Amino acid sequence: MQKKVYEMTLGGRVLRVETGEMAKQAAGAAVITYGDSTVLSVVTARNEASTQDFFPLMVIYQEKLYAAGKIPGGFLRREGRPSEHETLTSRLIDRPLRPLFPDGFKNEVQIINTVLSSDPECTTEMAAMLGSSLVLGISNIPFNGPVAGVQIGRINNEFIINPTPDQLLDSDIDLIVTGTKQAINMVEAGARQVNEEDMLKAIMFAHNVIKELVEFQEKIQADFNTPKMAYDDFAVEKSVQEEVEAFAKNRLIKAVSIFDKLERYHAIDAISDETIENFEKKSFFKTIDGVKVFDEKAQKDYLKQVKKVVDGIVTAEVRRLITQDKVRPDGRKVDEIRALSSRVDILPRAHGSALFTRGQTQALGVVTLGALGENQIIDGLGLEDTKRFMLHYNFPPFSVGETGRYGFVGRREVGHGALGERAILQVLPNEEEFPYTIRIVSEILESNGSSSQATICAGTMALMAAGVPIKAPVAGIAMGLIMEGEYYTILSDIQGMEDHEGDMDFKVAGTKDGITALQMDIKIAGITEEILKEALEQARVSRLHILNHMLETIPEVAPDLSKYAPKVKLIMIDPDKIRDVIGAGGKIITKIIEDNNGVKIDIDQDGKVILMHMETKWIESAAQRILDLVRVPIVGEIYEGKVTRVEKFGCFVELWTGTEGLVHISRLAKERVEKVESIVSLGDQILVKCIGIDDKGRIDLSRKDALNIK
């Protein structure tokens, strides 16, 4: 295979694709280089189809720390389980690719993206997105692409393609959009309360860039023109369709309209099981050498068709109800939100808590406040090595009335937590305003659609109950879409069945003033600007409705922190004085901690000192000790101090804890002093003036000059 190189310019930087040199045994492989960032993208597939009901696609994005010249942390000093960022990026690539595989294709596919070189100024994530689509296009794997992605920022109303980390700090939009040449099929965004019109402009700007990237891929694929592997495009025989519909259709249609989620699913499952059982009784025999033999494969293929017809009846009825009757399975109008209820402060010992319920979806949000030193350490390729805000989402099986495995957090839970985190992060106070590490945990107690958005609502109210001074409350809503030909219906507050049977899951979170987070996944080829605009506006109205409800529950941020929350004070000291606070072997700071009931003290290299304790009095006491240690007398200033030693040549006066100076006998009074004790005694409080500090830090004081001024 001959090496080939292709180049284009993207956002002022060179994007280069190389094929034919690395990983030549894979079905498709390419090296994507963007600036100094390099990603190896490869794809492989099994030759035989999977027997599973779903398409077994695995997308992996993995960062090698050598790519940034780093050695991994931990005892083993090698990369371990995927980081949260790797997991989120893997999901980000998977979501736009998955809908573009043909329906009947069930061969297992693995797409592996490995970051070999990392330039923080040039996104490896979008390079991996392009690489994943490209290697599918040049392979023998059926794929209805190409698809491409781009990150968009905005500074001073100017859109920026693939912004650098420094640019993102000044950007009010952090947007990732993927799509085909014809339409958009995935959106992921964080924003600083950006209005819907501006967000739509950013999305459409991104789509224009995507078209260029798709054309770039098409030119490369034309050089390969690889024949695609054959697959069984599974179809239902007309006779099977008619038999199953005659047996089950009317009952399934009635079951779809049952309001309660569990009753509805139980009814549909019971009818489905009964239908399968009925058609299992059919004769599946074949004759081999004159002997009748049971044909297991024929039975399996037949029942597979039966199951497909049953599922199709349910899907068709859900979509018919919505698009034609404009009625949803639970009887709501297309823009109607389910019943809302919420309350706060339900956990007496938690720092903040809230329970938010929307229909049959319920989230318990719990806030914990900690020292800045308790922030999360990030061992990755990015410039960020810690973060002070975390949102963790838990989805136990009982929330949907099922049993299931308990263990490590799955990709879905990581993704939902990250979406909630992104939405709320935009309104949090900075470290100087609120020097705490903040953790929200969302426990999903009941779920029937859009638990991630319930998490945002519960988390926001829990923050307000905890006394965290957020800039504005944030609410989230999940929108859906049903398309039949040219006609479509947009749904507000989708439930589980509408998500499963629909064509779009569009989550929008924000304040009354604008959007803070977006996430859109589409099962069809893509959607147009017109649909996006309508969905954003309908989401805005729904969001305001939910925000009004939240503010009825908790109108404003609690004025005080919970009595169980640690109290924090931030002070700044001269970085050159840090060693004076710590002392030899840490003796001084240890003494301060011991004397102040175990107060927690964190000192940064820039001189930022964070003190934390459950009681304010110990924080204030420790803070004063530290300020005294680093405080420097000013020549010419008057101070009141305590006489700590009396010598023949003068007396020593403590100005504050840890700092004392000498008043020479000649400077004790205006008149001549024969004996120090005739003027001062041990323990006296006297006024003194600082008249000098020598190069060794010794302080000269004068009582006489202080008296003159007085």
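**Close-up A. Strand β14 in this predicted model is largely enclosed by the rest of the structure.** The strand covers residues 352-358, and 7 of its 7 residues are buried, so there is little mystery about why it counts as enclosed. Look at how the residues alternate: G352, A354, F356 and R358 point one way from β14, while S353, L355 and T357 point the other way. Both sets are buried, the charged-looking names included, so to speak: R358 is on the buried list along with F356.**Close-up B. β14 pairs with strand β13 and with strand β15.** With β13 (residues 340-344), β14 runs antiparallel, and 5 bridges join the two. To find your place in this pairing, look for V344, whose bridge partner in β14 is A354. With β15 (residues 361-370), β14 is again antiparallel, this time through 7 bridges. Here T357 is a handy marker, with Q362 as its bridge partner in β15. T357 is also one of the buried residues of β14.

**Close-up C. A hairpin links β14 to β15.** There are 2 residues between the strands. Keep an eye on G359 in the turn, which has a positive phi of about 60°.

**Close-up D. Strand β9 is mostly covered.** This strand takes in residues 173-179, and 6 of its 7 residues are buried. Strand β7 (residues 148-155) pairs with β9 in the antiparallel sense, over 6 bridges. In that pairing, G153 stands opposite D174 of β9. β9 also runs antiparallel to strand β10 (residues 184-194), and 7 bridges join them. A good landmark is I176 of β9, which has E188 as its bridge partner in β10. The connection from β9 to β10 is a hairpin through 4 residues.

**Close-up E. Three strands make an open sheet in the order β24-β26-β25.** The pairing is antiparallel. β24 (567-572) and β25 (600-603) each have a single partner strand and stand at the edges, so one side of each is left without a neighbour in the sheet. On average, neighbouring strands here are turned by 15° against each other, direction ignored. Between β24 and β26 (residues 608-613) there are 6 bridges, with the two strands antiparallel. Within that pair, V568 stands opposite M612 of β26.

**Close-up F. Helix α14 packs on the sheet.** The helix spans residues 616-630 and touches β24, β25 and β26. Its direction makes about 15° with that of β24.

**Close-up G. Helices α13 and α14 pack against each other.** α13 covers residues 587-595, and its axis lies 9 Å from that of α14. The packing angle is about 155°, and with angles over 145 counted as roughly antiparallel, α13 and α14 are therefore roughly antiparallel to each other. Their crossing is right-handed. On the α13 side, the contact is made by I588, K591, I592 and D595. From α14 come W618, A622, R625, I626 and L629. Sorted by class, the contact has 6 nonpolar residues, 3 charged ones and no polar ones.

Notes. Residues numbered from 1 in each chain as written. Predicted model: local features only at pLDDT ≥ 70, side-chain atom pairs only at ≥ 80, totals over all residues. Heavy atoms only, no water. Pairing = 2+ DSSP bridges. Axes fitted to C-alpha atoms, helices over the stretch in contact; angles between N-to-C directions. Contact = heavy atoms within 4.5 Å. Parallel < 35°, antiparallel > 145°, perpendicular 65-115°, else oblique. Left-handed = near helix turned anticlockwise from the far one by under 90°. Nonpolar A, V, L, I, M, F, W, Y, C, P; charged D, E, K, R; others polar. Buried < 20%, exposed > 50% of the residue type's maximum accessible area, 1.4 Å probe, protein only.
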